[in-house]
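Student: I should like to work through this structure by question and answer. Could we begin with a single residue and then move to the sheets and helices?

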Amino acid sequence: MSRHSPRRKRTLALAVSAVLAAGGCAGAGTFTSGGGDPVTIAIVSNSQMRDAITLSSAFERENPGTTLKFVSLSENEARAKITASVATGGGEFDVVMISNYETPQWAENGWLTDLSAYARNTPGYDEQDFIPSLRKSLSYQGSMYSVPFYGESSFLMYRKDLLEQAGLTMPAEPAWDQVAAAAAKLDDPAGGRSGICLRGKPGWGESLAPLNTVINTFGGRWFDENWHAQLTSPEVVRAVEFYVDLVRTHGQPGAATSGFGECATQLAQGNTAMWYDATSAVSVLEDPASSKVVGKIGYALAPVREKPNSGWLYTWSLGIPKTSDKPDAAWKFVSWMTGKPYIRMVGERLGWSHVPPGSRQSTYQIPEYREASKAYGPLTLSAMEGVDPEHPGTRPVPYTGIQFLTIPEFQDLGTRVSQQISAAVAGRISVRAALDQAQQYAEVVGRSYRESQ
């Protein structure tokens, strides 16, 4: 199959049950504003999204008669519950927070509303202002089916003061070997500080996000051009052994259960010296209300080995399921939360470190934001512009995607593989054993693609 070949809707529907079994679907909490028949929004409970809930009363004042109900979920819970609802036509949600993984596939399946016509007919919304790589990743046949709330690549975050004390200098584009050497020197278990924090938590959007960029830059890939699984190839083995060894030797306590939120807390509270993760983490690290290390963090491009530009491309975006019976009211909210005035409101009311980064080019022209983000803003923009999801590694692949594979099966496959990796991080199995099992999972998926060619 070509990288953009259609897949049966049944394939993703089957994946839903596996995702639910792996991730659960219990809500983290529901926030309701107003009464009547509200617009119901399924949203991920990251910090920028909590800001949107805090500010949502402004939307209701501007749009009398429209009330909002938020269902706030952790990342793994959101993926499971939203996927189950949309894939089965459940109709619980009028707005869903999804990503550039789901959007093109769900648009192809006819599950999402085309938003380009709405965007063109909304004065001042300016669809062309979105960062081009994000706009392309959220489009299907030339139309956008979700719009970005924030976008991100990945970079290395490190304590400038600790490196200086250790006599270390971090290059603008470090190699992974340099990062590992720095982690070893900065590791201080007796003082309660790890050398680095890396995700080990199971989930295709958790530990596999940073790990896949390591696999890519080490020259690995999930499948060759003919859909033969490659998870036991020398390149993948070296990459995963490097990652697991680094976090086991110089990483944070409880690494096997650490995701984005846990690592953000580790660095913000001064408990780790470095962290490789999403560029959106700056909203936590540079906010005095949540961070003890404001102004002490340096930023560098994603570490590399064989392949440059190894950062990922991801966006949390808002889409409207075809099952919503309130698409016009839903768009009013979507356009409010992803529009230019919202970005300025966040900066002026909550502080410029809270601004959702990486969605609009115009954000980086706001004088106040340019000043507040001078340490990380240009780097975020550069990282996002330098990535190429169609060529994630050093060799050809039959799929698109950097930290994920844009195929329906990846929700289940990625979750299963991540569970094996997490077990290796926990020391319950070896990396070789983890990858042997992961290879078997991948071979099943690869075989289905070869047979359908």
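**A residue in a loop, and outward from there**

Tutor: Thr 400 sits in the loop that links helix 16 to helix 17 (410-425). Please bear in mind that the model is predicted.

Student: Is Thr 400 buried or exposed?

Tutor: The cut-off for a buried residue is a relative accessible area under 20%. Thr 400 has 10% relative accessibility, so Thr 400 counts as buried.

Student: How many residues separate Thr 400 from Tyr 101 in sequence, and how far apart are they in space, C-alpha to C-alpha?

Tutor: In sequence, Thr 400 and Tyr 101 are 299 residues apart. In space, their C-alpha to C-alpha separation is 9.7 Å.

Student: Which residues of helix 16 are buried, and against which elements do they pack?

Tutor: The buried residues in helix 16 are Gly 377, Leu 379, Thr 380, Leu 381, Ala 383 and Met 384. They pack against helix 6 (132-137), strand 7 (147-152), strand 8 and strand 10.

Student: In what order do the strands of the open sheet containing strand 8 stand?

Tutor: Three strands form this open sheet, and their pairing is antiparallel. The order is 9-8-10.

Student: Why is one side of strand 9 and of strand 10 left without a neighbour in the sheet?

Tutor: Strand 9 (274-278) and strand 10 (297-301) each have a single partner strand, so one side of each lacks a neighbour in the sheet. The position of both is therefore at the edges.

Student: What is the average twist from one strand to the next?

Tutor: This angle is an average from one strand to the next in the sheet. The twist is 30 degrees.

Student: How many bridges pair strand 8 with strand 10, and which residue stands opposite Tyr 158?

Tutor: Strand 8 (residues 154-159) pairs with strand 10 in the antiparallel sense, over five bridges. Opposite Tyr 158, in strand 10, stands Gly 298.

Student: Which strands does helix 11 touch, and what angle does its direction make with that of strand 9?

Tutor: Helix 11 (residues 260-268) packs on the sheet and touches strand 8, strand 9 and strand 10. The angle between its direction and that of strand 9 is about 140 degrees.

Student: What angle does the direction of helix 16 make with that of strand 10?

Tutor: Helix 16 (residues 377-386) also packs on the sheet, where it touches strand 8 and strand 10. Its direction and that of strand 10 make an angle of about 20 degrees.

Student: Where does Asn 216 lie, and which residues does it contact beyond its neighbours within four places in sequence?

Tutor: Asn 216 belongs to helix 9, and its relative accessibility of 6% means that it counts as buried. With neighbours within four places in sequence set aside, its contacts are Lys 307, Pro 392, Gly 393, Thr 394 and Ile 402.

Student: How are helix 8 and helix 10 oriented to each other?

Tutor: The axes of helix 8 (residues 176-186) and helix 10 (residues 234-250) come within 10 Å and cross at roughly 15 degrees. Angles under 35 degrees count as roughly parallel. Helix 8 is therefore roughly parallel to helix 10.

Student: Which residues of helix 10 meet helix 8?

Tutor: The crossing of these two helices is left-handed. From helix 8, the residues involved are Trp 176, Asp 177, Ala 180, Ala 183 and Ala 184. They meet, in helix 10, Phe 242, Leu 246 and His 250.

Student: Are helix 10 and helix 17 roughly parallel or oblique to each other?

Tutor: Their axes are 9 Å apart, and the packing angle is about 45 degrees. The crossing is right-handed. In orientation, helix 10 and helix 17 are therefore oblique.

Student: What is the phi of Trp 227, and is the residue buried or exposed?

Tutor: Most residues other than glycine have a negative phi. Trp 227, in the loop between helix 9 (208-217) and helix 10, has a positive phi of about 65 degrees. Its relative accessible area is 1%, so Trp 227 is buried.

Definitions and conventions. Residues numbered from 1 in each chain as written. Predicted model: local features only at pLDDT ≥ 70, side-chain atom pairs only at ≥ 80, totals over all residues. Heavy atoms only, no water. Pairing = 2+ DSSP bridges. Axes fitted to C-alpha atoms, helices over the stretch in contact; angles between N-to-C directions. Contact = heavy atoms within 4.5 Å. Parallel < 35°, antiparallel > 145°, perpendicular 65-115°, else oblique. Left-handed = near helix turned anticlockwise from the far one by under 90°. Buried < 20%, exposed > 50% of the residue type's maximum accessible area, 1.4 Å probe, protein only.
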